[in-house]
Amino acid sequence: MTRSRSYQTTAAVLRYRPIGEADRIVTLYTSTFGRITAVAKGLRRPGSRFGGTLEPLNLVHISLSRGRSLDNVNECVAINSFVDLKSDLGRIAQGIYLAELIDTFGDDWAPNHRLFNLLEKTLRILNDGNISDVLIPTFELCLLQYCGFRPEFGQCVECRKELEPGPYTFNADSGGVLCGSCDTILSSSSFHLSMDAMKILRWIQNQHGDIARPPGVLFPKEALFEVTTVLRKYLKFVAERDLRSTRFLDHIESDKK
Amino acid sequence: MVNESYGGTPQVQRLVDELGRLPGIGPKSAQRLTYYLIRMPAEQAENLSSAIVSVKRNITFCSRCFHITEMDPCGICIDNNRATGTLCVVEQPLDVVALEKTSSFDGIYHVLHGSISPMNGIGPEDLKIKALLERLKLEEIEEVILATNPNLEGEATAMYIHRLIEGLGVRITRPARGLPVGGDIEYADEATLGRALEGRQQF
């Protein structure tokens with residue numbers, strides 16, 4: 001995508017890292033350009049003109065200019081700092097996990113409006129505090145779909161036959177559930193799914209990305225744990241690496257129990 | 001790979017490579033530093049190299065507070081004139097240096113050596129948090145000041161430690177947040193301004 005010498009966009013700040021004495025390299029997910037990385041000069045100084053606007057998970061309006069290797073942040077105004085989200089450790093852990101997912105699956109200079117809107121909506125829900133048990137799995141399934149990795153739970157992913165009642169085998173390589181006939185090869189990328197877990201996954205997919213809609217039912221904890229486990233394994237398989245923030249997320253979630 | 005057109009010999013290239021490993025020093029900076037060192041008087045260069053060797057040989061981390069020190073425990077921990085009932089928790093040894101420069105704090109310190117940074121794979125178990133809990137059991141600490149950085153990672157670290165120690169009967173405080181001296185209200189973000197207003201004081 002061509003861009004002019006200076007440009008503006010709405011963005012969610014994913015992460016940053018220090019560079020030089022007082023600068024930071026900031027990674028953003030933008031509504032217009034997909035993932036971009038830019039230098040914010042002087043960001044680490046107390047009197048920085050960016051203030052606290054470039055903190056991770058902030059939604060900002062940002063203007064940048066093209067640089068030789070990395071672009072430069074010129075101005076940044078916070079649209080939403082999600083203050084309530086950041087006042088709760090559990091929600092911070094969830095927000096950082098979402099940011100890592102977007103950072104992993106988002107592409108540089110490849111806009112994906114659905115992905116941006118998904119992140120923005122979910123951060124708002126986390127900030128409002130009205131968090132259902134299926135918020136994170138819903139985000140994960142939507143992300144997979146919007147990035148072209150939608151897993152198939154409705155029928156056998158290989159032969160397209162309707163599935164007999166479970167338990168089931170989910171095969172990451174094939175990207176979906178296999179029927180008894182197709183599930184012939186033992187594979188390290190195959191994971192078992194109970195009927196209850198399958199029901200939850202199908203229910204989520206049938207919401208068609210409506211991440212704000214509460215389920216209205218209480219899902220069994222064991223099935224939810226299974227859903228989380230299978231989705232994490234699939235995400236790891238597709239990303240070809242571990243998602244580091246899950247360690248802290250699990251630590252905080254286990255402290256809650 | 002040695003580039004002879006830059007006057008590079010294996011020793012020069014080796015120094016360029018070693019300097020280039022330092023944080024914030026890219027290849028160009030490493031080259032500039034190398035050629036500066038070549039032109040530097042021999043005595044000055046030897047002083048620099050012996051200072052580096054001396055630091056690596058003689059500097060360690062205080063076994064109590066994990067600040068950098070030449071003796072263990074460090075000068076702050078063994079100083080009887082310090083207010084040992086007030087413990088300031090910071091992320092890095094440089095934070096101790098900065099706080100000591102203010103001459104406004106006469107308590108003791110605990111250095112975590114980082115902050116919780118989930119995306120970088122740094123969790124509570126990678127920091128000196130367990131050691132902090134041990135100190136709170138053994139020492140007579142009345143107040144813990146959670147002086148981690150005022151950013152998302154620093155706040156997450158402070159919240160996590162707060163969760164762990166809130167039942168121990170110590171007073172838990174956090175340095176004030178607000179507008180920096182020399183800053184402009186116009187450029188302050190909503191979170192900073194909000195906190196600054198909350199913490200306003202009689203003028």
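How many residues does the contact take from chain A and from chain B? The count is 29 residues from chain A and 24 residues from chain B, where two residues are in contact if their C-beta atoms, placed from the backbone, lie within 7 Å. The model is a predicted one, so local features need pLDDT of at least 70 and side-chain atom pairs count only at pLDDT 80 or more, while totals for chains, interfaces and linings use all residues. Residues are numbered from 1 along each chain as its sequence is written, with chains lettered from A and ligands numbered from 1 in the order in which they are written.

On the chain A side of the interface, β1 (6–19), α1 (89–105) and α6 (245–256) each bring at least two residues to the surface that touches chain B. Helices (H or I, at least four residues) and strands (E, at least two) are DSSP runs, numbered from the N terminus. The biggest giver on this side is α1(A), with six residues. Sorted by class, the side of chain A that touches chain B has 13 nonpolar, eight polar and eight charged residues; Ala, Val, Leu, Ile, Met, Phe, Trp, Tyr, Cys and Pro count as nonpolar, Asp, Glu, Lys and Arg as charged, and the others, Gly among them, as polar.

Helix α1(A) turns up again in the largest nonpolar core, where it supplies the largest share, nine residues. That core has 99 residues in total, a core being a set of buried Ala, Val, Leu, Ile, Met, Phe, Trp, Tyr and Cys residues joined through C-beta atoms within 7 Å. Buried means 20 or more other C-beta atoms within 10 Å of the residue's own, exposed means 12 or fewer, and partly exposed is in between. The residues with the most contacts inside the core are A:Ala12, A:Val13, A:Leu28, A:Leu119 and B:Val89. Neighbours within four places in sequence aside, A:Val13 touches residues including A:Val26, A:Leu28, A:Leu54 and A:Val60.

Next, the helix pairs. The axes of α1(A) and α2(A) are 11 Å apart, and the two helices pack at about 175°, which makes them roughly antiparallel. Axes are lines fitted to C-alpha atoms, for helices over the stretch in contact, and angles run from 0 to 180 degrees between N-to-C directions; under 35 degrees counts as roughly parallel, over 145 as roughly antiparallel, 65 to 115 as roughly perpendicular and the rest as oblique. Among the residues making this contact are A:Leu98 and A:Ile102 of α1(A) and A:Leu119 and A:Leu123 of α2(A). In chain B, the axes of α1 (residues 10–20) and α2 (residues 27–39) come within 8 Å and cross at roughly 125°, so this pair is oblique. Eight nonpolar, three polar and no charged residues make up the contact of α1(B) with α2(B).

A few backbone oddities round things off. Most residues other than glycine have a negative phi, and most peptide bonds are trans. A cis peptide bond, with omega about 0°, joins B:Asp72 and B:Pro73, and B:Pro73 sits in the loop between β2 (68–69) and α4 (75–78) of chain B. A:Trp109, not a glycine, has a positive phi of about 55°; A:Trp109 counts as exposed because it has 12 C-beta neighbours inside 10 Å. B:Ser103 also has a positive phi of about 55°, in the loop between α5 (93–102) and β4 (107–111) of chain B, and is exposed, with 7 other C-beta atoms within 10 Å.
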